[in-house]
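Me: I'd like to learn how to read this structure feature by feature. Could you walk me through it?

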Amino acid sequence: LFAQRSNRDGVRTQEGTGGASNAGVVGAAYRFQPDLPINNPNGSFTIARFGDPIDNPFAIVTQREQNTITDQFQANVFADVKLFEGFSFRTNLGANSINSRNGEYIPTTINEGANIGGQATVINGTSTNLISENFFTYKKGWGEDHSLTAIAGYSFQKTVGESYTASAQNFVSDVVSFNNLAGGSVAMPPASTYSQIQLSSYYAR
């Protein structure tokens with residue numbers, strides 16, 4: 001039996017689609033002019049002067065919010081049953097469940113968020129994996145040099161995954177981060193996914 005909760009904060013390191021506004025911290029560090037300070041005289045964050053208006057990498061690291069909470073539960077049980085001399089049955093059952101919430105907020109303090117009044121996104125996902133292994137074993141020996149072992153069984157595995165995404169733009173304030181999607185005046189189209197994989201087999205040897 002195993003259970004855990006993890007809480008992680010992340011930083012966008014890779015480039016996203018959609019042009020300069022989706023620069024990752026690594027790409028921004030390479031392309032940002034090294035002579036620019038972190039802040040303008042008015043306290044706002046500087047952006048690149050030449051080429052694309054890239055946010056400075058310090059602002060990307062410190063201003064964008066990305067938090068993931070994951071709950072995982074795993075359980076495994078088995079049973080061995082001796083039916084009669086030389087003949088036994090074993091069953092193994094396993095279950096693994098993962099629930100996660102990923103929240104991201106792009107504030108108005110950086111160029112990417114300033115153009116859209118801030119953007120909040122929340123993604124909830126679940127993944128469940130079930131495994132069942134059941135087999136009979138027969139063992140028989142003759143004298144000191146001869147023996148027979150036969151196994152026949154059934155194996156089953158099923159994995160189900162779901163995710164739901166909601167997003168909104170144009171917030172009055174950055175204070176609530178991604179915790180109040182209703183506070184955005186522009187609701188983005190929601191999205192959802194569902195997947196299921198199932199395997200089963202009989203075997204003997």
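Me: Let's start with one residue. Which residues does Thr 128 touch, not counting residues up to four places away in sequence?

Reply: Happy to help, and do keep in mind that this is a predicted model. With neighbours along the chain set aside, Thr 128 touches Asn 96, Ser 97, Lys 158, Thr 159 and Val 160. Thr 128 itself sits in strand E4, which covers residues 119–142.

Me: Is Thr 128 buried or exposed?

Reply: Here you compare the relative accessibility with two cut-offs: under 20% is buried, over 50% is exposed, and partly exposed lies in between. Thr 128 has 33%, so it counts as partly exposed.

Me: How far is Thr 128 from Phe 84 in space?

Reply: Separation in sequence and separation in space are worth reading side by side. Thr 128 and Phe 84 are 44 residues apart in sequence, and their C-alpha atoms lie 36 Å apart. Now take another pair: Asn 115 and Asn 170 are 55 residues apart along the chain, with 9.1 Å between their C-alpha atoms.

Me: Where is Asn 115 found, and how does it count by accessibility?

Reply: Asn 115 belongs to the loop that links helix H3 (111–114) to E4. Its relative accessibility is 55%, so Asn 115 counts as exposed.

Me: Let's step back to the whole chain. In what order do its elements run?

Reply: Reading from the N terminus, the order is β-α-α-β-β-α-β-β-β-β. That gives 3 helices and 7 strands. The radius of gyration is 27 Å, well over the 17 Å that the globule rule gives for 205 residues, so the chain is more spread out than a compact globule. Along the principal axes, the C-alpha atoms fill a box of roughly 95 × 35 × 25 Å.

Me: What share of the residues counts as buried, and how much area does the chain expose?

Reply: Of the 205 residues, 31% count as buried. The chain exposes about 12,800 Å², and carbon and sulfur atoms supply 57% of that area. As for contacts between residues at least 6 apart in sequence, 63% join residues at least 24 apart.

Me: How many cavities of 30 Å³ or more does the structure hold, and what lines the largest?

Reply: There is 1 cavity of 30 Å³ or more, and the volume of the largest is about 30 Å³. Its lining is made up of Gly 10, Val 11, Arg 12, Ile 60, Arg 64, Glu 65, Gln 66 and Glu 104. Sorted by class, that lining has 4 charged, 2 polar and 2 nonpolar residues.

Terms used:
Residues are numbered from 1 along each chain as its sequence is written. This is a predicted model: local features need pLDDT of at least 70, side-chain atom pairs count only at pLDDT 80 or more; totals for chains, interfaces and linings use all residues. Side-chain values use heavy atoms; hydrogens and water are left out. On a 1 Å grid over the protein atoms alone, a cavity is a set of points where a 1.4 Å probe fits but cannot get out, and a pocket is an open set with protein on both sides within 12 Å along at least five of seven lines; lining residues have an atom within 4 Å of a point. Grid points are joined across faces, edges and corners, and a volume is the space filled by probe spheres set on the points. Ala, Val, Leu, Ile, Met, Phe, Trp, Tyr, Cys and Pro count as nonpolar, Asp, Glu, Lys and Arg as charged, and the others, Gly among them, as polar. Helices (H or I, at least four residues) and strands (E, at least two) are DSSP runs, numbered from the N terminus. The radius of gyration is taken over C-alpha atoms; the globule rule is 2.2 Å times the number of residues to the power 0.38. Buried means under 20% relative accessible area, exposed over 50%, partly exposed in between (1.4 Å probe, protein chains only). Contact means heavy atoms within 4.5 Å. Accessible areas come from the Shrake-Rupley method with a 1.4 Å probe; for residues, only the protein chains shown count as cover.
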